[in-house]
Amino acid sequence: MERNFEEVFQDKIDKEIKIEPKDWMPEKYRQTLIRQISQHAHSEIVGMLPEGNWITRAPNLRRKAILLAKVQDEAGHGLYLYSAAETLGISRDEMYNQLHSGKAKYSSIFNYPTLTWADMGAIGWLVDGAAIMNQVPLCRSSFGPYARAMVRVCKEESFHQRQGFEILLTLSNGTEAQHRMAQDALNRWWWPSVMMFGPKDDESPNTIQSMRWKIKRFTNDELRQKFIDICTEQVKILGLTIPDKDLKWNEVTGHYDFGTIDWDEFWQVVQGNGPCNKERLETRKKAWEEGAWVREAATAYAEKRKNRAATKAA
Amino acid sequence: MDQYEINKTASAEWPLWEIFIRSKQGLDHKHVGSLHAADEQMAIENARDVYTRRMEGVSIWVVESKFIHASNPGDAAALYDPANDKAYRHPTFYNLPDELKHM
């Protein structure tokens with residue numbers, strides 16, 4: 001019987017029929033999606049912190065309004081994704097618990113510090129650029145609520161990348177010190193951004209099943225290569241240099257060859273030893289704990305209003 | 001966190017609301033997603049921030065999720081297949097002379 005359900009399920013996937021929350025699905029599909037979507041939601045929420053760091057210090061009002069809007073979008077993206085994950089039967093509080101206890105991960109990129117204003121440019125161009133590359137294929141993901149959330153996210157994300165590129169372009173064409181600041185930001189953010197696509201295909205055990213279930217549409221390495229090819233062209237407009245001396249056009253493959261990724265660093269940061277892991281998690285936990293009275297007060301107020309309405313009606 | 005704590009936080013979770021947005025006057029409200037809020041007023045305010053940051057809507061409906069009742073996907077064949085063999089419900093089913101106008 002079980003096998004029969006599974007065949008029907010795979011058949012739907014193969015025919016590009018979306019899976020909706022109440023449809024039968026293999027337990028592993030459900031768990032994979034909960035892990036991936038909640039991890040994605042956590043990344044949006046934690047991702048507000050490195051940029052939030054610069055809102056009060058944006059160089060002018062225009063930049064400040066833009067950064068505020070971007071960070072607000074990230075909160076919104078987190079909320080779209082949490083609600084998509086909840087359709088799979090996990091509660092919001094359980095997801096928060098998993099984040100706060102360290103059981104759930106979020107994108108390692110947010111464990112790097114934002115040292116200068118140019119980092120806002122590098123994050124927009126590279127980090128959001130890499131995110132978009134990952135997210136566009138997810139708009140066709142087989143799980144309906146996830147795909148629909150991603151359509152909304154992608155539509156909003158495009159300005160995030162453009163504003164980042166604009167920041168870097170302005171700095172690069174500015175004074176010599178500003179140009180150096182832009183190059184320094186690129187130097188620090190390049191490799192962590194390249195790592196955002198995750199481990200190499202042969203070290204990513206979930207990829208094959210996720211591709212078969214059409215949760216993922218491209219492998220980590222395919223997306224990483226595409227990202228590098230595009231950025232290597234875009235950086236010419238910025239007048240900056242990508243910090244990879246092995247970056248070279250390859251006539252045969254039709255792609256850019258690139259240098260060795262420091263996977264040691266990647267796994268160190270994943271395992272909690274990045275420069276800001278502790279700080280990020282503590283900030284989230286503090287926000288959650290110190291917000292408890294607000295949540296309780298709102299519940300109490302809603303209760304009071306309900307009772308008052310009931311008394312009036314009686 | 002012990003079991004008691006987990007239960008306490010779980011019960012303290014704000015209710016879930018389904019959000020429907022009318023994108024412009026003249027169109028119907030369409031489901032866009034869900035969110036948590038303590039009451040209906042907060043649900044509308046949160047929906048405004050979460051789902052209409054780019055002029056996506058001119059009107060918001062919020063319905064507490066527990067009040068939504070849905071058909072069972074397993075019943076799909078019984079519910080919808082019978083419509084398949086009633087082609088006579090469609091205007092193209094009828095063969096009428098070409099010279100017939102305004103019909």
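**Exercise 1. Which residues are linked with Lys70(A) in a network of salt bridges?**

Solution. The model is a predicted one, and every value below is computed from it. Step one is to name the members of the network: Glu51(A), Lys70(A), Glu74(A) and Asp128(A) are linked by salt bridges. Step two takes one pair from this group, for the side chains of Lys70(A) and Glu74(A) meet in a salt bridge with an N to O distance of 2.9 Å. Step three places the pair along the chain: both residues belong to helix α4 (residues 61-86) of chain A, and because they are 4 residues apart there, about one helical turn separates them. Step four asks how much of each residue can be reached from outside. Lys70(A) has a relative accessible area of 0% and is therefore buried, and Glu74(A), with 4%, is buried as well.

**Exercise 2. Find where Asp184(A) and Arg188(A) lie, and decide whether they are buried or partly exposed.**

Solution. Begin with the contact, a salt bridge in which the closest N and O atoms of Asp184(A) and Arg188(A) are 3.0 Å apart. Both residues are found in helix α8 of chain A, where a spacing of 4 residues corresponds to about one turn of the helix. Next, apply the cut-off, by which a residue counts as buried under 20% relative accessible area and as exposed over 50%, with partly exposed in between. Asp184(A) stands at 32% and so counts as partly exposed, while Arg188(A), at 24%, is also partly exposed.

**Exercise 3. Trace the salt bridge of Glu156(A) to its partner, and state which elements it connects.**

Solution. The partner of Glu156(A) is Arg53(B), and the closest N and O atoms of the two are 2.8 Å apart. This pair crosses between chains, running from helix α7 (residues 144-172) of chain A to the loop between α2 (40-51) and β3 (59-64) of chain B. Both Glu156(A) and Arg53(B) are buried. For the wider setting, a search of the whole structure finds 28 salt bridges over all chains.

**Exercise 4. Describe chain B, and place Phe20(B) and Phe93(B) in it.**

Solution. First, count the elements: chain B has 3 helices and 3 strands, which follow the order α-β-β-α-β-α from the N terminus on. Of its 103 residues, 23% count as buried. Phe20(B) lies in strand β1 (residues 16-22) and is buried, because its relative accessible area is 17%. Its C-alpha atom is separated by 34 Å from that of Asp85(B), which is 65 residues apart from Phe20(B) along the chain. Phe93(B), by contrast, is in the segment after α3 (76-80) and is partly exposed, with a relative accessible area of 46%. Phe93(B) also belongs to a nonpolar surface patch with Tyr88(B), Tyr94(B), Leu96(B), Leu100(B) and Met103(B), and together these residues have about 690 Å² of accessible area.

**Exercise 5. How many cavities of 30 Å³ or more does a search of the whole structure find, and which residues line the largest cavity?**

Solution. Rolling a probe the size of a water molecule over the atoms shows where empty space is left. In this model the search finds 1 cavity of 30 Å³ or more, and the volume of the largest cavity is about 30 Å³. Its lining consists of Ile13(A), Glu16(A), Ile17(A), Lys18(A), Ser142(A), Lys214(A) and Arg217(A). Sorted by class, the lining of this cavity has 2 nonpolar, 1 polar and 4 charged residues.

Terms used: Residues are numbered from 1 along each chain as its sequence is written. Chains are lettered from A and ligands numbered from 1 in the order in which they are written. This is a predicted model: local features need pLDDT of at least 70, side-chain atom pairs count only at pLDDT 80 or more; totals for chains, interfaces and linings use all residues. Side-chain values use heavy atoms; hydrogens and water are left out. Patches are made of residues with over 30% relative accessible area and no salt bridge: like charges are joined within 9 Å, nonpolar side chains (Val, Leu, Ile, Met, Phe, Trp, Tyr) within 5 Å. Accessible areas come from the Shrake-Rupley method with a 1.4 Å probe; for residues, only the protein chains shown count as cover. A salt bridge is a side-chain nitrogen of Lys or Arg within 4 Å of a carboxyl oxygen of Asp or Glu. Helices (H or I, at least four residues) and strands (E, at least two) are DSSP runs, numbered from the N terminus. Buried means under 20% relative accessible area, exposed over 50%, partly exposed in between (1.4 Å probe, protein chains only). On a 1 Å grid over the protein atoms alone, a cavity is a set of points where a 1.4 Å probe fits but cannot get out, and a pocket is an open set with protein on both sides within 12 Å along at least five of seven lines; lining residues have an atom within 4 Å of a point. Grid points are joined across faces, edges and corners, and a volume is the space filled by probe spheres set on the points. Ala, Val, Leu, Ile, Met, Phe, Trp, Tyr, Cys and Pro count as nonpolar, Asp, Glu, Lys and Arg as charged, and the others, Gly among them, as polar.
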